[in-house]
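Me: Please take a close look at the interior of this protein, meaning its buried packing and the empty space left inside it. I would like one connected account rather than a list.

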Amino acid sequence: MKITYLTSFCLFQHRRASDFGLMKIDNKGRILSFSEKPRGNDLKAMQVDTTVLGLSREEAQKKPYIASMGVYIFKKEILLNLLRWRFPTANDFGSEIIPASANEFYIKAYLFNDYWEDIGTIRSFFEANLALTEHPPRFSFYDATKPIYTSRRNLPPSKIDSSKIVDSIVSHGSFLNNCFIEHSVVGIRSRINANVHLKDTVMLGADFYETDAEVAAQFAEGKVPIGIGENTKIKDCIIDKNARIGKNVIIANSEGIQEADRSSEGFYIRSGITVILKNSTIQDGLVI
């Protein structure tokens with residue numbers, strides 16, 4: 001039987017397996033069944049002996065799930081047949097077309113055994129960003145043979161005064177004053193003031209600067225300027241763009257809350273991670 005199309009996959013542990021479309025294959029790599037984000041008993045049913053892919057017995061026990069990466073290679077006539085005639089109302093390959101056609105067509109799975117992340121959840125986005133601070137990182141932006149291009153913003157270098165930065169990334173155009181940045185990612189145009197401690201945090205930065213006069217005027221009116229105010233401590237957090245976090249704030253989720261919706265107060269919690277909303281204001285002294 002000829003191969004009609006290919007789908008790529010990665011191997012995952014149990015903790016994240018239910019976030020993906022999972023597949024079962026035979027010892028030749030043919031896909032036998034496919035399940036979109038299964039849970040409970042359906043998830044257990046998708047476990048595979050991954051030693052057939054060359055993993056050791058120990059590795060296979062750690063990674064018993066085969067997750068689709070959502071990258072497919074089709075023969076043109078097969079793809080047109082599927083879209084025009086077999087599944088004309090389908091909207092998704094992973095949840096509709098592939099599961100329905102696995103028994104009829106020879107779908108071959110290809111193992112991509114390198115760095116790949118799906119950042120479709122808050123936790124996966126958070127962990128993928130912080131992983132860039134590792135030594136060495138699992139994915140590197142600094143490989144001259146594989147350059148990564150991004151938008152040119154023509155910003156000045158960051159200005160850092162009397163600060164300590166450990167295992168972190170600081171983007172262009174930021175102001176860091178007498179603060180401690182630990183295992184964090186600091187985005188463009190970020191302003192972090194004195195005695196701030198940032199740990200395990202992804203700060204996306206700002207879309208614009210506020211002038212010194214604008215900052216002074218906001219303080220005079222009892223308002224909070226963009227950035228992080230003095231004496232604030234933040235841990236396990238994603239700070240979206242243009243957020244205004246006041247002085248003496250503590251964001252640590254010390255109670256270990258996993259899920260909470262407090263958007264009226266400028267934040268919510270997902271998978272134990274506090275997310276400060278875009279353009280939101282966290283008033284002085286608030287404890288989260």
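Reply: What follows goes through the nonpolar cores, the cavities, the largest pocket and the cysteines, and ends with a residue at the surface. The model is predicted, and the values below should be read with that in mind.

The largest nonpolar core is a natural place to begin. This core has 22 residues, and those that touch the most other members are Ile192, Leu198, Ile228, Ile239, Ile245 and Ile276. Two or more of its residues come from each of strand S13 (197-203), strand S15 (233-239) and strand S19 (267-270), and S15 gives the largest share, with 3 residues. Isoleucine 239 deserves a separate word: once its neighbours within four places in sequence are set aside, this residue is in contact with Thr201, Val202, Met203, Leu204, Ile228, Ile234, Ile245 and Ile276. Among these partners, Ile228, Ile245 and Ile276 are also listed with the core residues that touch the most other members. Apart from this core there is a second, separate one of 19 residues, which includes Met23, Phe34, Val48 and Ile78.

The enclosed space comes next. Rolling a probe the size of a water molecule over the atoms shows where empty space is left. The structure holds 2 cavities of 30 Å³ or more. The largest cavity contains about 60 Å³ of space, and its lining consists of Phe175, Arg189, Arg191, Ala206, Phe208, Tyr209, Glu210 and Ile226; by class, that lining has 5 nonpolar and 3 charged residues, with no polar ones. The second largest cavity holds about 50 Å³. Its lining is made up of Arg189, Ser190, Arg191, Met203, Gly205, Ala206, Ile226, Gly227, Ile239, Asp240, Asn242 and Ala243, which by class gives 5 nonpolar, 4 polar and 3 charged residues. Arg189, Arg191, Ala206 and Ile226 appear in both linings. Isoleucine 239, named above for its place in the largest core, also lines the second largest cavity.

The open space can be described in a similar way. The largest pocket has a volume of about 1100 Å³, and of the 28 residues that line this pocket, Phe141, Thr150, Arg153, Ile169 and Ser171 are the closest to its centre. Helix H6 (122-130) and strand S8 (169-170) each supply at least two residues of the lining, with the largest share, 3 residues, coming from H6. By class, the lining of the largest pocket comprises 17 nonpolar, 7 polar and 4 charged residues.

The cysteines belong to the buried interior as well. Cysteine 179 counts as buried because its relative accessibility is 4%, and cysteine 237 is likewise buried, with a relative accessible area of 0%. The structure nevertheless holds 0 disulfides. For cysteine 179 the closest cysteine sulfur is that of cysteine 237, and at 15 Å it is too far for a bond; a disulfide here requires sulfur atoms within 2.5 Å.

Finally, alanine 220 offers a contrast with these buried residues. This alanine lies in helix H7 (residues 212-220) and is exposed, since its relative accessible area is 70%. Alanine 220 and leucine 43 are 177 residues apart in sequence, and their C-alpha atoms are 57 Å apart in space.

Note on methods:
Residues numbered from 1 in each chain as written. Predicted model: local features only at pLDDT ≥ 70, side-chain atom pairs only at ≥ 80, totals over all residues. Heavy atoms only, no water. Buried < 20%, exposed > 50% of the residue type's maximum accessible area, 1.4 Å probe, protein only. Core = buried A, V, L, I, M, F, W, Y, C linked by side-chain atoms within 4.5 Å. Helix = DSSP H or I, 4+ residues; strand = E, 2+ residues; numbered from the N terminus. Contact = heavy atoms within 4.5 Å. 1 Å grid on protein atoms, 1.4 Å probe; cavity = no way out; pocket = protein on both sides within 12 Å on 5 of 7 lines; lining within 4 Å. Points joined across faces, edges and corners; volume = space filled by probe spheres on them. Nonpolar A, V, L, I, M, F, W, Y, C, P; charged D, E, K, R; others polar.
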